[in-house]
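Colleague: Could you take me through one part of this model in close detail, the end of the chain and what it packs against? Just talk it through as you would at the bench.

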Amino acid sequence: MENTAGGNTQVDDVPPVEGVAGGGTAYGWNDGGFHSNPIRGTVDPTKVPSSELLHVWCMPSTSNVGQQEMPRSLECINLLAARNERESAQIAIRPKVTWGGPGIAGVVQVHCTDLCSSSGGRLVVGESLTLRRVVSMLGVPDALVPLDLPSTQLNLLPGETTAIWVSIDVPAGQPPGQYEGELFITALKADTESSAKCLTKAEKHEIYRALTGCLDAVEHIDIQTQEEVVQRVKMATSDLKRILVSPTFSEYSLENGLVDMMDEDGFTNLSVRLKISVTVWDFTLPTTPSLPAVFGISETVIEDRYGVQHGTDEWYEALDQHFSWLLQYRISPFFCRWADGMRVLAYTSPWSADHPKSDEYYSDPRLAAYAVPYDPVFSSGDSAKDILRKEIETLKTRTHWKKAYFYLWDEPLILEQYDSIRKMSSEIRSYALDARVLTTYYSGPSDAPLAASTFENFIKVPKLLRPHNQIYCTSEWVLGNREDLVKDITAELQPEMGEEWWTYVCLGPTDPHPNWHLGMRGTQHRAVMWRVWKEGGTGFLYWGSNCYEKATVAGAEIRFRRGLPPGDGVLFYPGEVFSSKQLIASVRLERILSGLQDIEYLNLYTSKYGRDQGLALLEKTGVYLGPERYTLDHMPIDLMRAEIFNACRSSH
C-alpha cells in the first residue's frame with residue numbers, strides 16, 4: 001500500500017505477519033533502538049527508580065500495540081479536542097527486569113491526576129479521564145477493559161508489552177484552554193500487591209465492623225448537640241485513621257516509600273512521570289451527529305448469552321443497557337433479528353410508539369435516525385397491520401418522525417424478494433406517504449438482469465424499487481478501488497424526491513481497503529468514515545455490533561462467527577468475559593468514533609471554505625486520497641485536525 005504520510009516511512013519496512021497489520025513496529029519486529037543495562041541481584045522497587053525497571057512510552061490511538069511492541073523514547077501526550085469530543089492515546093509499559101513474584105515480571109501502579117487549566121477549568125479523573133487495559137483477541141489488541149481510578153495496579157509479564165488506552169472526554173460546556181495533568185507509573189513490591197487482594201475473612205470482617213462503627217457514629221448527626229457532633233466526628237475520624245494505617249492499606253502510605261493517595265506530592269522520585277496536555281478549543285461537536293450511522297444489535301444474541309426471555313423485565317433492561325451504551329459512540333442503534341431469505345426485523349425501541357420510553361429514545365438528540373418495526377416486536381391479539389398502522393399514526397404526530405426509517409430486507413438477490421419489499425413499502429406508504437424505506441444491496445436481481453454488465457445491473461436497482469424505497473444503501477465492496485463509480489450510482493438517484501445514498505461495509509471490502517476487521521491497521525479502521533465523507537454518502541449502516549457465536553452463559557469465551565473475517569459483526573464484548581459489569585468496547589469501536597468525529601471537523605472546515613477545500617485538505621495532509629491510498633501513519637491525522645483548528649478557531 002502506498003504511504004501518503006511523507007515523513008515517517010518505517011511502517012513500509014515491517015515484515016508481513018499473516019492476517020495482522022501493525023501500527024508501527026508492532027508484532028515482533030525490533031528496530032534495534034533500545035538496549036537496557038541489566039540490573040544484577042534482587043530488585044527492591046522501593047529503592048530503585050521505576051525507569052530502571054520499566055520501559056514506558058506513548059503511542060497514538062491508531063497503533064495496534066501488540067505484546068511484542070518494542071520500546072520508544074518517552075514523550076508527553078499532546079492532544080487537541082473540541083468540546084463534546086473524545087480523544088484517546090495509548091501508554092505502553094514493558095518490563096526491563098523481573099522484580100515480582102512467580103510468573104510475573106512485577107506489579108506496577110498507575111495513578112492519574114485531574115487535568116487543570118490556568119483559568120481554573122478541570123477535566124476530572126474518572127469522569128473526563130478514563131483508563132482501559134488493552135486485551136488481545138485472537139492475538140490482536142482489541143478489547144478495552146476498564147481500570148480503577150485514580151489508581152490501578154497491573155501485573156506485567158516478562159518479555160511482554162502491556163498497553164493502556166487513555167481517553168479524554170471533553171464535556172460540551174468545558175471552558176476552552178490548555179489542560180495539563182500527569183500519570184505516575186510506579187513499580188511495586190510483590191507482597192504489597194498481594195496484601196490488598198488476599199484478605200482473610202477475619203480481616204474483611206474487621207474492616208467491615210470498623211466502617212459500620214464509623215457510619216453509626218455520624219449517621220444521625222443532625223439531631224445531636226454541637227458537643228455530641230464534635231465527639232462523634234472525632235470517634236469516626238480516629239477509627240478511619242486506624243483502618244487506613246493498617247497493613248491492608250500499607251501500599252498507599254508514605255512509610256512504604258510509595259504514595260499517599262490524598263496527595264499527589266506524595267509520589268516519590270521513583271515514579272515514571274508522564275505529562276498529559278490537552279488543548280480544548282471553542283468548537284463544540286454537534287450533539288446530533290451530522291451523519292446518521294445506524295448499527296445493528298442482535299436481540300437473539302442478548303437473549304441467549306444473558307439468559308433473558310423475550311419480553312421480560314430483564315430483557316427490556318438488557319436492551320436498554322445496550323442502546324444507551326452504544327449511543328455514546330455517535331451511533332444510532334437498532335435491534336434486529338433475521339427471518340428467512342435475509343428479511344430483517346429492525347427496530348430502535350422495543351416499546352410501542354405510544355410508550356413514554358419510546359419517546360425518550362426517539363427524542364434523544366444524540367440519535368440521528370431510528371428504525372420503526374414493520375412487524376410487531378411482540379405478537380398480540382391485534383393483527384400485524386393494525387399494530388403497524390397505529391405505530392405510524394402515533395409517530396407521524398411527533399417532531400422526531402423525520403428521523404424514522406424502515407429497514408425491511410438485507411441484500412435482496414432475486415425478483416421475488418424485490419416484490420416483497422415493494423408490497424411491504426406500499427402498506428407503509430398507505431399510512432404515511434413521507435415514510436422512508438431503506439434497502440441494502442450489492443447487486444441487482446440475479447434472475448432478471450436489468451442490464452448487460454454486473455455493475456450496470458447493480459446501478460439500475462432504483463428503477464426496480466422506486467417509489468417504494470428512499471434510502472439506497474450500497475456496499476462499499478462494489479466500488480473496489482474505483483471511487484469514480486460513485487458518480488454512476490448517484491446519477492441514478494433523485495435527491496429532489498427525497499432519495500438518499502448510504503453505504504455499508506461487512507465481509508468486504510477486504511484488505512487493503514477500509515473496513516473494521518480484526519488485524520487491520522488502525523488508520524484502515526478510521527478510514528471507513530473518511531471514505532464516506534469523501535464519497536459524499538449521507539448515511540451509513542453496519543449490520544451487527546454484537547454478532548458473535550451463540551453462547552448460553554454471559555461469561556463464555558467469545559468466538560467470532562465461522563465463515564466471517566474475525567471481528568466482522570462484533571464491535572463490543574460482554575463485560576462478564578472480563579469480570580466487568582459493563583459492556584467492553586473494542587479498539588475498533590473507538591476508531592469508528594474518531595472517524596465520525598473527523599467528519600464533524602471536515603464539515604466545519606467545509607462550511608467555511610467549501611467542499612473543494614475540504615477535499616483538498618484530505619489530500620494535502622495525506623490523510624485519505626482513495627480506498628487504497630490513505631495514511632498508514634498517525635501524524636497526518638494530527639496535521640489535518642491542527643489545520644482545521646488553526647483555520648477555524650479565529651472565525652468560529
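Modeller: Let's begin with Arg641, whose charged end sits over the ring of Tyr601, 4.4 Å from the ring centre. For a charge to sit over a ring, NZ of Lys or CZ of Arg has to be within 6 Å of the ring centre and within 35 degrees of the ring normal. Keep in mind that this is a predicted model, where local features need pLDDT of at least 70 and side-chain atom pairs count only at pLDDT 80 or more, while totals for chains, interfaces and linings use all residues. Residues are numbered from 1 along each chain as its sequence is written, and side-chain values use heavy atoms, with hydrogens and water left out.

Both partners of that pair also touch Glu85. Not counting neighbours within four places in sequence, Glu85 is in contact with Leu80, Ile168, Asp169, Val170, Leu285, Gln597, Tyr601 and Arg641, where contact means heavy atoms within 4.5 Å. Glu85 belongs to strand E3 (residues 85–95); helices (H or I, at least four residues) and strands (E, at least two) are DSSP runs, numbered from the N terminus. Glu85 has a relative accessible area of 1%, so it is buried. On that scale, buried means under 20% relative accessible area, exposed over 50%, and partly exposed in between (1.4 Å probe, protein chains only). Glu85 and Thr284 are 199 residues apart in sequence, yet their C-alpha atoms are 7.7 Å apart.

Just before E3, there's a residue with an unusual sign to its backbone angle: Asn84 isn't a glycine, but has a positive phi of about 65°. Asn84 lies in the loop between strand E2 (77–83) and E3, and at 26% relative accessibility it counts as partly exposed.

Now for helix H13 (residues 587–609), which holds another glutamate, Glu590. Glu590 is buried, with a relative accessible area of 2%. If you skip residues up to four places away in sequence, Glu590 touches Arg86, Ser88, Arg132, Leu144, Trp165, Ser167, Tyr329 and Ala585. Take Tyr329 from that list: Tyr329 is buried too, also with a relative accessible area of 2%.

That tyrosine leads us to the rings. A search of the whole structure finds 27 aromatic pairs; rings of Phe, Tyr and Trp (its six-membered ring) pair if their centres lie within 6.5 Å, and planes under 30 degrees apart count as stacked, over 60 as edge-to-face and the rest as tilted. One of them joins Phe323 and Tyr361, a stacked pair at 3.8 Å centre to centre with 5° between the planes. Phe323 is in helix H5 (residues 313–327) and Tyr361 in helix H6 (residues 356–363), 38 residues apart, so this pair links distant parts of the chain. Phe323 and Tyr361 are both buried. Tyr329 has a ring partner of its own in Trp325: the centres are 5.3 Å apart and the planes at 50°, so that pair is tilted. Trp325 counts as buried at 13% relative accessibility.

Back to H13, and on to what follows. H13 and helix H14 (residues 611–620) have their axes 7 Å apart and pack at an angle of about 135°. Axes here are lines fitted to C-alpha atoms, for helices over the stretch in contact, and angles run from 0 to 180 degrees between N-to-C directions. H13 and H14 are therefore oblique to each other: angles under 35 degrees count as roughly parallel, over 145 as roughly antiparallel, 65 to 115 as roughly perpendicular and the rest as oblique. Their crossing is right-handed, and the rule is that a crossing is left-handed if the near helix is turned anticlockwise from the far one by less than a right angle, and right-handed if clockwise. On the H13 side the contact uses Leu602, Tyr605, Thr606 and Tyr609, met by Arg611, Gln613, Gly614, Leu617 and Leu618 of H14. Arg611 also lies over the face of Trp533, at 4.6 Å from the ring centre.

H14 then meets helix H15 (residues 635–648), with axes that come within 9 Å and cross at roughly 140°. This crossing is right-handed as well. H14 contributes Leu617, Leu618 and Lys620 to the contact, and H15 contributes Met640, Glu643 and Ile644.
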